[in-house]
Amino acid sequence: MTLVDPAGATSPAASPDPIDRLEALFGDAGAADNPVGREAVLAADADGSMLAAGEDLLDAFGLNAHFVPEALGGRFAGPEELIGVMRAVYRRDPALGLGYGAGSFMAAVNVWTSGSAEQQSWLAGHLLSGGRVACGYHELAHGNDFARAELTALPGPDGQLLVNGRKEVVANLARAGAVVLFARTDAAAGSRSHSQLLLETARLAPDTMTRLPRFATVGMRGVPLGGIEFTDCPVPADAVVGTPGHGLETAQRSFQLTRIALPGMTLGLLDTALRTALRGALGRRLYAGTAADLSLSRTVLAEAFADLLLADAFVTVAARAAHTAPGQSTVYASAVKLLVPALVMGAVSRLSELLGSQFYLRAAEQPLFQKLQRDVLPSAFGHASRVSCQAALLPQLPLTARRTWSAEDGPALPPTTFRPGEPLPPLDFGALKVTAGGRDPLSRSLLQGAERPTGRGEDAELAARAAQYAAEIRALSAEAARLTPDQLGPAAPPHAFDLTTRWAGALAAAACLGLWWERPGDGQGPGAEPAWVLAALHRLGVHTGRHHDPLPEPLSEFLYAELLRRHDAGLTFDHARRPTGA
């Protein structure tokens, strides 16, 4: 993270980069006449409606193309750029991000992963023509326990399937031209009893469906979250996505992209929350100065900044590992979803303390921050709760301990994984696996990096941190080896689930250290100063329960100074440091 020269910031208007172009289209959020500015965002939230001008803007930008693979005529090459594009949307309005785009991506990736050539071609055309697709997973009675889903699609007359049951709390269901529906297709018990269906909603018999009213929510007020009830609704048998009965496997493979992408998008919300809190602290008079003059205020701001950098580092490496180690992406996606949303929610909650008793007022910065604090809540669960991610990691611990952590050597991630901006191998949807087979090259990168000699003076403290996390992996290996089969399922004791949190923490540390070790040799660009890594690892220790110490003052003051520079230069607070009008 190099210090920013405000005079060096350039306008994104003429940039061919899609993220910069999108930021330019959004314009200055503070301009009162901006139809997608803060006042318009807050007005739409108060009405409980989507930001119409924002949807028009994203139509003109062609956002849907970023959900369609390049091979099918779109612009999706992998999660990294998609995260960057969607993060710009979430910076402006999280409800616009979820309601316009994220839901379509969550649904479509199932078809890209397992659908037939005909299904993929049809859905690509639907999205590229501006259509929406809804993701019909949820049933309120079962939440994220998809294996217990009750909606059925069983054989009926004329070789068709008859759909019966309900889906609830589905984004865009009432206005989507297509829906990916998770349904029981076999009455027998077992893991091969569910499938996913790709349905064109205009072709469904209207007298077999009942639309359910929007479900009231605290946050994301403008997102149309509806439901539907089917009664003997006939659908073609070839609507099944992939092999019949393999719906759960398809979902688990698609989650490896969405569990990385959605938390990465939500960092745009934290960016705006941090910017809003900073503006509030700078403008709030307190004790003959401003709230920002207080050491505690600067520490809170710096710690939220460090949290954002930590989360961005983990998301970036996980997104790039989907290209370089797709067979292990199941572990990294679950670890990101386990750690990052809780980190973001905690940072936003603590930032609210800076507003003090004024937090409850509807004036100045408070209304926008109040909206952001409401909107961040769904990010903690979405289509996968914290516990469901722990349950996905827990059974993989013992085999990983044997094959990776206890082994003398093994493959690490390729260095390009830690070099944002460098070309990556094409994303291979077919290489995404349900389990990682005990291989964890990200941990291996940390173990190998911790053994390298310290080449420069400023590396000494980071080398000590690397040694600590290498020791943590060895301790995890020993403890995982002692787990019994009855401690690897949903009924496992708390200490077993705690091991998955520690594993996620070690992986996040490996991501931060890997970015540092593979930083540009010219000393330029994001990541060139060791302070961000030390601060991120310090905050990681807090989030994983290793300690509860505040950020040391030298790191706090360094980060606060950098925060001010970026604020004044109009740059984002993540590692990319892009121009933004948010």
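How much accessible surface does the protein chain have, and what share of it belongs to carbon and sulfur atoms? It comes to about 21800 Å², with 55% belonging to carbon and sulfur atoms; these areas come from the Shrake-Rupley method with a 1.4 Å probe, and for residues only the protein chains shown count as cover.

1. Ground rules. This is a predicted model, where local features need pLDDT of at least 70 and side-chain atom pairs count only at pLDDT 80 or more, while totals for chains, interfaces and linings use all residues. Residues are numbered from 1 along each chain as its sequence is written, and side-chain values use heavy atoms, with hydrogens and water left out.

2. Overall build. You'll find 17 helices and 10 strands in the protein chain. Both are DSSP runs numbered from the N terminus: helices are H or I with at least four residues, strands are E with at least two. The C-alpha atoms fill a box of roughly 75 × 65 × 45 Å along the principal axes. The radius of gyration is 24 Å, which agrees with the value near 25 Å for a compact globule of 582 residues. That radius is taken over C-alpha atoms, and the globule rule is 2.2 Å times the number of residues to the power 0.38.

3. Burial and contacts. Buried residues account for 59% of the 582 in the protein chain. Here buried means under 20% relative accessible area, exposed means over 50%, and partly exposed is in between (1.4 Å probe, protein chains only). Take the contacts (heavy atoms within 4.5 Å) between residues at least 6 apart in sequence: 76% of them join residues at least 24 apart.

4. Charge. The protein chain carries 50 positive and 59 negative side chains, and the centres of the two sets lie 3 Å apart. Lys and Arg count as positive, Asp and Glu as negative, and His and the chain ends are not counted. Each charge is placed at NZ of Lys, CZ of Arg, CG of Asp or CD of Glu.

5. The cores. A nonpolar core is a set of buried Ala, Val, Leu, Ile, Met, Phe, Trp, Tyr and Cys residues joined through side-chain atoms within 4.5 Å. The largest one has 162 residues, and those touching the most other members are Leu22, Leu58, Trp112, Leu301, Phe314, Leu351 and Leu537. Helix H8 (residues 295-324) gives the most to this core, with 18 residues. Another core, of 21 residues, lies apart from it, and its members include Ala153, Leu173, Ala176 and Phe230. Back in the largest core, Leu58 is in contact with Leu22, Phe26, Leu63, Val89, Leu96 and Tyr100, leaving aside neighbours within four places in sequence.

6. The E3-E4 loop. Ala176, which we met in the second core, sits in the loop between E3 and E4. Ala176 is buried, at 8% relative accessible area, and touches Arg132, Val133, Ala134 and Thr201, not counting residues up to four places away in sequence. Its C-alpha is 37 Å from that of Leu507, 331 residues away along the chain. Asn172 is also in this loop, between strand E3 (161-171) and strand E4 (178-184). Asn172 counts as buried, at 1% relative accessibility, and has a positive phi near 65°. Most residues other than glycine have a negative phi.

7. Another positive phi. Arg577, in the segment after helix H17 (553-569), has a phi near 50°.

8. Two buried charged residues. Glu23 belongs to helix H1 (residues 18-26) and is buried at 3% relative accessible area. Leaving aside neighbours within four places in sequence, its contacts are Ala88, Arg91, Pro579, Thr580 and Gly581. Arg374, in helix H10 (residues 366-375), is buried at 14%. With the same kind of neighbours left aside, Arg374 is in contact with Asp45, Val218, Gly219 and Arg221.

9. Helix H11. In this helix (residues 386-393), the buried residues are Ser388, Cys389, Gln390 and Leu393. Their cover includes helix H7 (247-283), helix H9 (329-352), helix H12 (397-405) and helix H15 (494-517).

10. Thr231. Buried or partly exposed? Thr231 is partly exposed, with a relative accessible area of 47%, and is found in strand E7 (residues 225-235). Thr231 touches Val163, Asn164 and Thr208, again not counting residues up to four places away in sequence.
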